[in-house]
Amino acid sequence: MYYNFSLGAKHNKGIFSTGVILCLAGAIIAVGSYVVMNRTSPLIFAKTNSTKQNIESIVKTKQPSDNDRIFIPSIGVDAPIRDRYSGNGVLRKGALLSAKKFSIGLTPSETMRQSPLYHLADMRSGDRVFIDMNGERLVYEAVNISNSNVAKITTLQNGIVIYSYEDSGAATLVTLKLVGTMQWLDGQASIVGRD
């Protein structure tokens with residue numbers, strides 16, 4: 001506030017309101033940037049070359065643990081397999097492995113954990129899928145990629161189906177064929193076929 005003899009006491013509102021507007025604009029930009037980053041994190045980060053190379057390295061160098069996991073290097077998937085839904089990872093029901101295509105979390109890394117199969121539709125026939133189960137690393141190959149509805153998904157006689165679904169019920173299905181298991185001999189990994 002300042003005093004002018006001819007006008008009396010006056011408030012200087014211009015500087016105060018400009019500061020408030022700038023602070024609000026900065027906050028809106030920061031929140032908007034965070035929302036965009038969180039929303040697009042599976043789209044941006046999962047398929048980077050470093051992510052794919054890291055997953056390929058894990059599959060080839062680390063022996064399987066007792067924790068069930070799925071690795072799909074071609075689309076950047078390294079996720080736990082769960083027998084019941086826990087918010088992240090891939091849900092197992094018999095020979096079906098599934099996850100919601102997109103589920104938002106509080107942080108970008110949480111969003112990526114909750115949306116492990118976001119890029120499932122980008123898989124191609126012949127892509128390898130590695131599943132650690134009961135201390136063994138099983139090697140599968142994608143043989144069919146299709147779109148369906150969640151209500152129409154059934155299990156196969158001799159294979160596994162992975163699918164990601166949306167709230168609308170639309171689903172991307174990938175049918176897998178067992179190729180073999182990974183074996184380690186003198187630190188070198190190789191695939192041993194199963195008959």
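The secondary structure of the protein chain comprises three helices and eleven strands. The model is a predicted one. From the N terminus on, the elements follow the order β-β-α-α-β-β-β-β-α-β-β-β-β-β. Of the 195 residues in the protein chain, 35% count as buried. The accessible surface of the chain comes to about 11,800 Å². Carbon and sulfur atoms hold 54% of that surface. Among contacts with a separation of 6 or more, 54% join residues 24 or more positions apart.

The largest nonpolar core contains 21 residues. Within this core, I70, I72, V129 and I162 touch the most other members. Seven strands are listed as supplying at least two residues each: β3, β4 (77-82), β6 (96-100), β7 (128-133), β8 (136-149), β9 (160-165) and β10. The contacts of I70 illustrate the packing. Leaving aside residues up to four places away in sequence, I70 touches V77, D78, A79, I81, V90, L97, V129, F130, I131 and I162. Two of the partners, V129 and I162, are themselves among the core residues that touch the most other members. A second core, separate from this one, has eight residues, including I55, V59, V139 and M182.

Strand β10 spans residues 170-185 and contains L176. L176 has a relative accessible area of 1%. This value lies under the 20% cut-off, so L176 is buried. The C-alpha atom of L176 is separated by 5.3 Å from that of E141. Along the chain, L176 and E141 are 35 residues apart.

D68 occupies the loop between α2 (49-61) and β3 (69-72). The relative accessibility of D68 is 15%. Because buried means under 20%, D68 falls in that class. The side chain of D68 reaches the backbone nitrogen of N134 at 3.3 Å. N134 also appears among the contacts of D68, together with P80, I81, R92, D132 and M133. Residues up to four places away in sequence are not counted here. I81 is thus a shared partner: I81 is touched by D68 and by I70.

The surface carries a nonpolar patch of about 420 Å². V31, Y34, V35 and L106 make this patch. V31 lies in helix α1, which covers residues 13-45. The relative accessible area of V31 is 53%. Exposed means over 50%, so V31 counts as exposed. By contrast, L176 in strand β10 is buried.

Definitions and conventions. Residues are numbered from 1 along each chain as its sequence is written. This is a predicted model: local features need pLDDT of at least 70, side-chain atom pairs count only at pLDDT 80 or more; totals for chains, interfaces and linings use all residues. Side-chain values use heavy atoms; hydrogens and water are left out. Helices (H or I, at least four residues) and strands (E, at least two) are DSSP runs, numbered from the N terminus. Buried means under 20% relative accessible area, exposed over 50%, partly exposed in between (1.4 Å probe, protein chains only). A polar contact is a pair of N or O atoms within 3.5 Å; within protein, one must be able to donate a hydrogen and the other to accept it, and residues adjacent in sequence count only if both atoms are side-chain atoms. Contact means heavy atoms within 4.5 Å. Patches are made of residues with over 30% relative accessible area and no salt bridge: like charges are joined within 9 Å, nonpolar side chains (Val, Leu, Ile, Met, Phe, Trp, Tyr) within 5 Å. Accessible areas come from the Shrake-Rupley method with a 1.4 Å probe; for residues, only the protein chains shown count as cover. A salt bridge is a side-chain nitrogen of Lys or Arg within 4 Å of a carboxyl oxygen of Asp or Glu. A nonpolar core is a set of buried Ala, Val, Leu, Ile, Met, Phe, Trp, Tyr and Cys residues joined through side-chain atoms within 4.5 Å.
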